[in-house]
Amino acid sequence: MDTSTSYLGLSLKNPIVVGSSGLSGTAEGVRRLAESGAGAVVLKSLFQEEIFFESEKVIRDTKKGDASVQYFDYDGRKNPIEFYGYKVREDNLNRYTTLIQESKASVDIPVIASINCFFDSIEWIAFAKELEKAGADALELNMFFPPTNFNNERKEKEALYFQIIDKVLAVVSIPVSLKITHYFTDLGPMIQKLSQTGIAGLVLFNRFFSPDFDIKKIEVVPSYLFSTPAEMALSLRWVAIMAEKVSCSLAASTGIHDGEGVIKQILAGADAVQVVSTLYKNGVKHLGTMVEDLETWMGSKGIKTIPDFKGRLSQEKSSDPAMYERAQFMKYFADKKRLPVT
Ligand SMILES: Cc1cc2nc3c(=O)[nH]c(=O)nc-3n(C[C@H](O)[C@H](O)[C@H](O)COP(=O)(O)O)c2cc1C
């Protein structure tokens with residue numbers, strides 16, 4: 001059985017990529033993931049927001065005139081970077097480039113760096129350049145501009161995605177992928193347009209941890225850090241719809257917890273899948289089980305390679321493309337026998 005695949009133009013021994021998280025926040029963590037069977041690893045993101053808040057704290061805590069805090073003058077431009085503690089930014093960047101270098105030195109699978117910056121920050125470009133220089137095999141832009149911003153027009157917000165991509169692509173030559181959410185008004189055409197920008201891949205979709213309520217204390221509390229397998233339905237549907245309509249690789253993400261999930265996403269048309277929650281829940285050795293389950297299934301179906309079954313159930317190739325549309329949903333539930341009513 002040959003489980004190798006191509007993702008972002010990179011050769012992967014199998015399609016299971018460990019998504020960005022604390023699991024890949026140290027070189028030792030990355031080594032363990034590779035040893036357990038990962039096809040590639042996305043490093044924990046370098047978050048501009050974290051650097052910003054850390055800088056603010058340093059600035060607050062530092063008495064005026066303390067020489068240990070310098071202010072970063074970026075081409076004399078007026079932007080939030082001017083208020084950073086220069087050292088905090090440099091320390092974070094150095095730690096991240098060291099993570100890339102040490103990870104690269106300890107594994108022989110692709111190491112993908114990940115960045116997340118503020119809305120219209122020029123740091124997307126500065127970080128991208130540094131991470132390429134440090135030796136990352138590819139770059140994942142974790143781009144999420146909250147749909148709770150009521151101050152800017154939709155067109156303006158969407159245009160930013162394209163502007164940032166253009167600027168990043170102009171300064172790096174390694175493959176660049178984009179990890180997005182499904183919060184777009186016109187999701188299908190937006191995914192297609194993004195795929196035509198020159199990026200090497202799209203990750204469908206990022207997941208954000210949601211708040212919950214504690215009804216005893218009547219308080220908002222953090223919850224649902226990890227996904228459940230039921231959450232895979234969203235990306236399965238959209239990977240299947242978009243598989244033949246995009247001009248770049250596709251990775252499925254969110255809710256993929258086992259070999260069955262991996263197989264389904266490849267049948268939908270994914271080149272690779274990203275997994276995180278299942279490894280927190282079941283341990284990183286679960287990667288090996290997922291690869292084995294994929295191989296066993298391929299063997300049972302007489303399938304020799306990933307391209308032999310990739311996209312077989314995509315909307316374009318499936319024998320029932322209407323299944324992906326709402327009309328089919330209505331037809332399904334019009335059949336009273338299917339409804340679990342008593
Ligand atoms: C503890 C934890 C930390 C995460 N950190 C990051 C991160 O740094 N950058 C990022 O792009 N996504 C991050 N994610 C999101 C995951 O990469 C992934 O998109 C999400 O968990 C959905 O995949 P899953 O269902 O396999 O968990 C994190 C998720 C978890 C649970």
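Biologist: What makes the approach of Val276 to the ligand a polar contact?

Modeller: In this predicted model, a backbone N or O atom of Val276 lies 2.9 Å from an oxygen atom of the ligand. The cut-off for a pair of N or O atoms is 3.5 Å, so the Val276 pair counts as a polar contact.

Biologist: And how do you know that Ser277 makes one too?

Modeller: Here the side chain does the job: one of its N or O atoms is 2.5 Å from a ligand oxygen. That is within 3.5 Å, so Ser277 passes. Lys44 has a polar side-chain atom 3.3 Å from an oxygen of the ligand, and that value is within 3.5 Å as well, so it counts.

Biologist: How much of the ligand does the protein bury?

Modeller: On its own the ligand exposes 610 Å², and the protein buries 90% of that.

Biologist: Which residues come nearest to the ligand?

Modeller: There are 19 residues around the ligand, and Ser20, Ser45, Ser227, Gly255 and Ser277 come nearest. Sorted by class, this shell holds six nonpolar, ten polar and three charged residues. Gly255 may surprise you, but glycine goes with the polar class here, so Gly255 is counted there.

Biologist: Where does the ligand sit, in pocket terms?

Modeller: The ligand takes up the space of the largest pocket, whose volume is about 910 Å³. The lining has 37 residues, and Ser20, Lys179, Asn206, Arg207 and Phe208 are the closest to the pocket's centre. The elements giving two or more residues to that lining are α2 (48-61), β13 (272-275) and α9 (277-282). By class, the lining splits into 16 nonpolar, 16 polar and five charged.

Biologist: What is the peptide bond from Leu204 to Phe205 like, cis or trans?

Modeller: That bond is cis, with omega near 0 degrees. Phe205 is found in the loop between β9 (201-204) and β10 (211-214).

Biologist: What about phi of Ile218, positive or negative?

Modeller: Phi of Ile218 is near 50 degrees, a positive value in a residue that isn't glycine. You'll find Ile218 in the loop between β10 and β11 (219-222).

Terms used:
Residues are numbered from 1 along each chain as its sequence is written. This is a predicted model: local features need pLDDT of at least 70, side-chain atom pairs count only at pLDDT 80 or more; totals for chains, interfaces and linings use all residues. Side-chain values use heavy atoms; hydrogens and water are left out. A residue is near a molecule or strand if one of its heavy atoms lies within 4 Å of it. A polar contact is a pair of N or O atoms within 3.5 Å; within protein, one must be able to donate a hydrogen and the other to accept it, and residues adjacent in sequence count only if both atoms are side-chain atoms. Accessible areas come from the Shrake-Rupley method with a 1.4 Å probe; for residues, only the protein chains shown count as cover. On a 1 Å grid over the protein atoms alone, a cavity is a set of points where a 1.4 Å probe fits but cannot get out, and a pocket is an open set with protein on both sides within 12 Å along at least five of seven lines; lining residues have an atom within 4 Å of a point. A molecule sits in a cavity or pocket if more than half of its atoms lie within 2 Å of its grid points. Grid points are joined across faces, edges and corners, and a volume is the space filled by probe spheres set on the points. Helices (H or I, at least four residues) and strands (E, at least two) are DSSP runs, numbered from the N terminus.
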